[in-house]
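Student: I have a model open and some terms I do not trust yet. Can we test them one by one?

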Amino acid sequence: MAEYKLTTPLTDADIEQLHAGDVVKLTGNIFTSRDAGHKRIFDLLDEGKDLPFDLKGALIYYVGPSPAPPGRPIGAAGPTTSYRMDTYAPRLHSLGLKGTIGKGKRDAGVKQALKDHKAAYFGATGGAGALLSQCIKEAEVIAFDELGPEALRKLTVEDFPLLVINDCHGEELYAVPDRKAAGIE
């Protein structure tokens, strides 16, 4: 297990160095979306329209943050269960998305897309939304404001703590019960 400090947008080289179990402190801009937002993104793609952000090198955080308390850019911002976006992820990775952030396992199609398009799936600590929000320095709704917590946001993060769950080499942290016995440590 290694630790990396990465800055968005991510490149193929950034992703290729990562392995399941690595820790990443991410700085830069990431985007938020959940079920309803993904549906809207796909509608735009299907209609041949521009997206509200560039997918190339981007990361999408599966989160529906709570309202911002006074003096903060965002409220609690813990990850949501990722498998609900599994039908959307492969296409987004094929268009340049370098990573997604959430919690839980991904399906075989997503894992294959990570390998095919040099991308990664990162885990954020579930239940720690208030703590994670301390790493979010700015939050701006950039599309689908009417979706409330599921609106598409651009977040500026600093040293946002992540764990590589699935890497572009086909490794999966959840599939290795004993990392030392498997020769990974």
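Tutor: Here are some questions about rings, burial and charge.

Tutor: This is a predicted model, so local features need pLDDT of at least 70, side-chain atom pairs count only at pLDDT 80 or more, and totals for chains, interfaces and linings use all residues. Residues are numbered from 1 along each chain as its sequence is written, and side-chain values use heavy atoms, without hydrogens and water.

Student: How many aromatic pairs does a search of the whole structure find?

Tutor: Three. Rings of Phe, Tyr and Trp (its six-membered ring) pair if their centres lie within 6.5 Å; planes under 30 degrees apart are stacked, over 60 edge-to-face, the rest tilted.

Student: Why is the pair of Phe42 and Tyr88 called edge-to-face?

Tutor: The centres are 4.9 Å apart and the planes stand at 75°, so the pair is edge-to-face.

Student: What makes Phe42 count as buried?

Tutor: Buried means under 20% relative accessible area, exposed over 50%, partly exposed in between (1.4 Å probe, protein chains only). Phe42 has 13%, so Phe42 is buried. Tyr88 has 16%, so Tyr88 is buried too.

Student: Why are Tyr61 and Phe160 a pair, and of which kind?

Tutor: Their centres are 5.4 Å apart and their planes at 70°, so this pair is edge-to-face. Both Tyr61 and Phe160 are buried.

Student: How do you know that Arg153 has no salt bridge?

Tutor: A salt bridge needs a side-chain nitrogen of Lys or Arg within 4 Å of a carboxyl oxygen of Asp or Glu. For buried Arg153, the nearest side chain of opposite charge, Asp145, is 6.0 Å away.

Note on methods: Lys, Arg positive; Asp, Glu negative; His and termini not counted.
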